[in-house]
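Visitor: I should be grateful for a close look at one part of this model, the contact between its two chains, with some account of its surroundings.

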Amino acid sequence: MAVEALGSQTKAKVPPWNDPVIRGWVFQIVVVALVGLLAWFLVSNTIENLQRQKIASGFHYLEREAGFEIGDTMIQYSPASTYARAIFVGLLNTLKVAVLGIFMATVLGTMIGVGRLSPNWLLAKICEAYVEMFRNVPLLLWLFLIYKLISEAFPGPRQAINVLNSFFLSNRGLYFPVPLADPAYEWMGIAFLVGIVATVFVARWAKKRQDATGLPFPTIKAGLGLIVGLPILVWLACGAPHHMSWPELKGFNFDGGMVIQPEFTALLVGLVLYTSAFVAEIVRSGILALHKGQSEAAMAIGLSRGQVMRLVLLPQALRIIVPPMTSQYLNITKNSSLAIAIGYPDLVASVNVTINQTGQAIENILIIMAAYLSVSLSISAFMNWYNKRIALRER
Amino acid sequence: MADVLPGERPQLAPPVDDTGPLGWVRKNLFSSWGNGITTVVLIVAIGWILSGFLHWAVFTATFDAKSGAECRGHGACWALIREKYRYIFFGSFPYEQHWRPLFAVVAMLAMLILSSDRRMWNKRLIAIWGVGSFVAFLLMFGQIHISLGLILFVALAAGGLGMILRGAIATPGELNGWRALAAVGALGLIGRITGVIPTWSLAIAPLSYVETGLWGGIPVTLILATYGLVFAFPFGILLALGRRSNLPLIKGLCVGFIELIRGVPLISLLIMASVMLPLFLPSGMTIDKFLRAQVAVILFAGAYIAEIIRGGLQSLPKGQFEAADAMGLNYVQKTTLIILPQALRVVIPPLINTFIGFFKDTSLVLIIGIFDFLNTANQALVDPNWAGFPGEVYLFAAFIYFCFCYSMSRYSKHLEIELNKGTRR
């Protein structure tokens, strides 16, 4: 700033080659020109190579028939579906792993992190050993180990571990009964969402009332009642449908019911164990960063241990915890792409098959990058919003 | 106070319950009912798990066997590791030449360990890394051909860097040396391009040539991680400076690059390097697969390192920048003499943590078919004679990774305390 100000004041005296503003622009133009030259070189080579290999560019291939199977699909999919649908199925699988992974890693990591601060020496040491064990070995190795253990240690479908004749655990995954499709379940889903929205409003009202009158309201219990109770009421109102699809052994594998595949289990368990070690460290350092006086003062005014944690320590620790936690959540999302190594059909895996079948490398990689960038940016936008909400309001 | 009698009193020993091993156990394991129950449950659980593990890994394990069939029905099959450890460590490198990757690994570890000593942080370290890297790569390749063009280019680059970075503080003699080096490089390159100087290359070929496709195991993991960081470091510094720059175009380019790379998984960069890079190059020109992976790792690492260095730059008080400006230093002088020495000191511990991350992340190259340590471990399982013992091999590989990463993380913690000694209260 100082140099620039000097430069503009004495502009008349300095020759143009010593004027920092002009120098800055010349430097920028040179750098941008060099980058542009490199880009032009790469693009022109690419166009030439594509023409020579007779690969048509463009996204038209997305409407063609994919022709490959996908083991785990959340929406209707068959080999006759289009490439676009195959990639979308992969994206949904990535999101499924990411959302479940984020939730489970946060819960487990917080438990381990608080455990490391336990007054019980043994518990603290075990949690520390857990953190060091999972942090210092590559995630990919954990995924391989867990996947191989599941597929080798569990029996085949015929000798599946049978629990109550309805849960079957084998190296093909965990089969369990699910209710047959019924319109009641859609209504229950809507009731569930309504319950969540209602809880948000109740929580707001309760906070306002407590701020005004000091009267506490059992928000958690009321919220649980709304979120769990409303769907149950709807289910009863719809005549309580209870027809189930049961898994049955047919030939070499099970049929019917629902299955959690070993690839999915290995990926999720690996991601959660690995990331929770990092989450634990973040939580621990967040709590340790608080001044001891905070908990002492809270206890001195007569709050219970739970209240001290919930009302005084946690809101302050969250301010320290949220930014590094955001990058761990992004890591889970990005690391879920390791699915390709153990054969779980996530986004990268579907796109990779598409590249091999169509040869459209550039378009496909653009799709991967666009998808991950938009997921990453949405997660950071949400976490930044949350961070701003809990940030200290300084006056 | 009035009740205290005057005169000396004998000092009593503290209660037995509060000191010594018994006091420690009381305080740390059985301080309350809940605590005691937790302790007992944990001891039972640990005992159960540990006895099961030892039963499998030691008491019923097979340490010597001709094939996997002899291990079946027993515990762990460590004979498999005994049979395959050379492959797991060095991959498909010619078997009778395994001493070469071994010494290359020793050289790289020696360089890393020397660099961990703060007394070595000076110009000597650059010389050590130059010589050590040359030796390591000579051992791996066996033969190195350096073309005259490359030598001239390095001379030009070194001379130019010397002129820029040392311009303000070098003696006239040193500066003239840098100028001469740059001039020789530039003139030589012009001569080479116009064809005045004939093509020539320096051949150092004491051993048989081994192509990168045959490299595998520990050396590959170490090279990818170490040289990934070595080359990404200056790149990351430039990106970080660019991101903090006042020049809008430079800032935009750097922010765009950093956020793009950080937003996508490493796998997508590796897939890009393996399928897209060949399309980018003029026809007929190919880049070695190993080099492509290394380039992907460098680009990836550069973006992350840039963010760490930016943290260091932001931690400097504004007065440092203003004081440098007030002294009349130009941008290069201000950055190299005042800002970077302070900023980089702050970021050394987080940089080591990043290195641990890269060391683990290099395992992803197995997806594009490079035989790093995890991939050779994986391949050792393929042998039908030894099929069915994945646990042993993965535990072995995990143990090796753990040794590397844990020692580095301890070192980073130690260094953090060391470097903060001056500023701690």
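To begin, how many salt bridges does the structure hold over all chains?

Guide: Over all chains, the structure holds 15 salt bridges. Between chain A and chain B, however, the count is zero. The model is a predicted one, and its scores are an ipTM of 0.86 and a pTM of 0.84.

The contact itself draws on 55 residues from chain A and 57 residues from chain B. Together the two chains bury about 4,900 Å², and carbon and sulfur atoms account for 74% of that area. Although salt bridges between chain A and chain B number zero, polar contacts do occur: the rule finds 12 residue pairs in polar contact across the interface, with both residues of each pair at pLDDT 80 or more.

On the side of chain A that touches chain B, at least two residues are supplied by each of the helices α1 (2-9), α2 (20-53), α4 (121-135), α5 (139-153), α8 (262-288), α11 (339-342), α12 (347-358) and α13 (361-390) of chain A. The largest share of this side comes from α2(A), with 16 residues. Sorted by class, the side of chain A that touches chain B comprises 36 nonpolar, 11 polar and eight charged residues.

One of the contributing helices, α8(A), also contains a salt bridge within chain A. The side chains of E281(A) and R284(A) meet there at 3.5 Å, N to O. These two residues lie three positions apart in helix α8 of chain A, and therefore about one helical turn separates them.

Chain A also includes paired strands. Strand β2 (residues 167-170) of chain A runs antiparallel to strand β3 (residues 173-176) of chain A, the pairing extending over three bridges. The two form a hairpin, with two residues between β2(A) and β3(A). Within this pairing, L169(A) stands opposite L174(A) in β3(A). Strand β3(A) pairs in addition with strand β8 (residues 258-260) of chain A, again in the antiparallel sense and over three bridges. Here F176(A) has M258(A) in β8(A) as its bridge partner.

Confidence should be read alongside this description. Chain A has a mean pLDDT of 83, with 95% of its residues reaching 70 or more. Among its elements, α1(A) has the lowest mean, 49, and α4(A) the highest, 92; both helices are among those that supply residues to the side touching chain B. Chain B averages a pLDDT of 86, and 98% of its residues score at least 70. In chain B the lowest mean among the elements, 77, belongs to helix α3 (residues 68-71), whereas helix α9 (residues 218-243) of chain B has the highest, 92.

Technical notes:
Residues are numbered from 1 along each chain as its sequence is written. Chains are lettered from A and ligands numbered from 1 in the order in which they are written. Side-chain values use heavy atoms; hydrogens and water are left out. pLDDT is the predictor's confidence in each residue, from 0 to 100. Helices (H or I, at least four residues) and strands (E, at least two) are DSSP runs, numbered from the N terminus. Contact means heavy atoms within 4.5 Å. Buried area is the accessible area (1.4 Å probe) that two parts lose on being put together, summed over both. A salt bridge is a side-chain nitrogen of Lys or Arg within 4 Å of a carboxyl oxygen of Asp or Glu. A polar contact is a pair of N or O atoms within 3.5 Å; within protein, one must be able to donate a hydrogen and the other to accept it, and residues adjacent in sequence count only if both atoms are side-chain atoms. Ala, Val, Leu, Ile, Met, Phe, Trp, Tyr, Cys and Pro count as nonpolar, Asp, Glu, Lys and Arg as charged, and the others, Gly among them, as polar. Two strands pair if DSSP finds at least two bridges between them.
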